[in-house]
Amino acid sequence: MRPIRTLLVLALATLPLTQTTPATAQDRAPTVEEQRLQAPVPQEILRRSGFDDVAPDFARDLANTRSYARAERVVARAGRALWRRAVDRVQGRGPAGGDLSRDDDRPLYWARLGMTRALGEWRPVFPLPEARRAALLQSLERGSRGQDSLGLPAGKHIKRVVVTGFDPFQLDADVRRSNPSGAAALALDGTTIRTADGPARVETAVFPVRWADFADGSVEHTLLPVFRPGPHQVDVFMTVSQGRVGRFDVERTNGAWRGGAPDNAGVSRTGTVPIPADVPTPRPQPQWTTTTLPHQRIVAADTGPAPVYDNTGVTEIPAGATAPVVRPDGPTPGSTARAGGGGDYLSNEIAYRATLLRDAVGLRVPGGHLHTPVLQFGPDNTDPSTGRITAPDFVRNREAITAQVRAVLTVAATGR
């Protein structure tokens, strides 16, 4: 019989390399978003786009990682590679990887969730405190959303433009959903648009539909490097999200209020928009911010088939009152915000945060929010339990929205 110490050493030596010892093991339950991943629709989207290899390949790379420093490099590289692969697919570079239309934003969303789940479940051979795992997850999120790669060029010969989009949302109602703002961001990233004033380079990023990420400053931390003075400072910015059926809206006014609708993580938040302590911001925090996009020229221009409106309505609590009222022509002096033109959800919030940061750093450029039409399935494909994940009219509608976003952006980038 061997001594107990010898048996213990032998037992530890035979543990799989992808696990930790019990003293450092961390069990992480899948998030609400990750739990949706195993449904048939997400799996079909991944398979028909060729993105079904992303998470397994990433998990294998993690399994071969023996140090935290190496993990940082693996995660950063994998996140950026996913973003670039999604952009390349939408823009027609390389093989399509399947029969799903190239313009689709959904493979990026579901592949990212496969990666975050793999990272959350990973049990390395070295100690990994949850704070360090969280830092790796944040790196993966930023890289795979284009948030850390807004590579605007220097020089006076070209304008610098930033556009943001969103993940698909309201997936419990229909897990097939796509977000045209995210599709537009992928289609525009790294492209050059031609304006009457010359070329404009476009860089884009996509944001999650999660209250917590916004409270943590994801918007400000992404935009601040290109909002500050310097050779790479932005000349135009436009946050974009999905809005109303059949129309575009340039949202004139943004409000400092969270209305509490559940996000993609199933979380609700109500209250004043929280601003992180580590970013510049006006004090006291204003209730309202205003677009500096050339809304009159955008509305008057022939940008595409859907009408474009200058939306001036808000919901406010007037000064001295207690009940909210709808104001079709914007807020009154001293009022408290309850909804901007873009509502009280994360569309309004990204617009509020971006324009508030603009004002905090003294950035005097066109900037604000554009709501796209709702991307809908055709009348014969509305039931999520029996409907197809894509159809020709669905693709045509998404492509038309992207084309009109590009046209609106061209108007916004022309003249200052």
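Which elements each supply at least two residues of the lining of the second largest pocket? In this predicted model, the answer is β4 (236-242) and α12 (346-360). That pocket comes in at about 450 Å³, and 26 residues line it. Closest to its centre sit F169, Q170, Q242, G243 and V374. Sorted by class, the lining of the second largest pocket holds 13 polar residues, along with 8 nonpolar and 5 charged ones.

Now for the largest pocket, with a volume of about 550 Å³. Its lining is made up of 23 residues, and those nearest the centre are L137, Q138, E141, R210 and D213. Helices turn up again and again here: α2 (32-35), α6 (106-121), α7 (130-144), α9 (211-215) and α10 (218-227) are the elements that give two or more residues to this lining. Of these, α7 has the largest share, with 5 residues. As for chemistry, the lining of the largest pocket counts 9 charged residues, plus 7 nonpolar and 7 polar.

Then there is the enclosed space. Searching the whole structure turns up 2 cavities of 30 Å³ or more. The largest cavity holds about 50 Å³ of space, and its walls are D105, L108, Y109, R112, F166, D167, P168, G182, L186 and V206. Two helices, α6 and α8 (180-188), each put in at least two residues, with α6 giving the most, namely 3. The class split for the largest cavity is 6 nonpolar, 1 polar and 3 charged residues.

The second largest cavity has about 40 Å³ of space. Lining this one are F51, A86, R89, V90, R102, D104, D105, P107, L108 and L186. Here α5 (68-90) and α6 each supply at least two residues, and α5 gives the most, with 3. No polar residues show up in this lining, which has 6 nonpolar and 4 charged residues.

Some names come up twice in these cavity linings. D105, L108 and L186 line the largest cavity, and D105, L108 and L186 also line the second largest cavity. The helix α6 recurs too: it supplies at least two residues to the largest cavity, at least two to the second largest cavity, and two or more to the largest pocket.

Technical notes:
Residues are numbered from 1 along each chain as its sequence is written. This is a predicted model: local features need pLDDT of at least 70, side-chain atom pairs count only at pLDDT 80 or more; totals for chains, interfaces and linings use all residues. Side-chain values use heavy atoms; hydrogens and water are left out. On a 1 Å grid over the protein atoms alone, a cavity is a set of points where a 1.4 Å probe fits but cannot get out, and a pocket is an open set with protein on both sides within 12 Å along at least five of seven lines; lining residues have an atom within 4 Å of a point. Grid points are joined across faces, edges and corners, and a volume is the space filled by probe spheres set on the points. Helices (H or I, at least four residues) and strands (E, at least two) are DSSP runs, numbered from the N terminus. Ala, Val, Leu, Ile, Met, Phe, Trp, Tyr, Cys and Pro count as nonpolar, Asp, Glu, Lys and Arg as charged, and the others, Gly among them, as polar.
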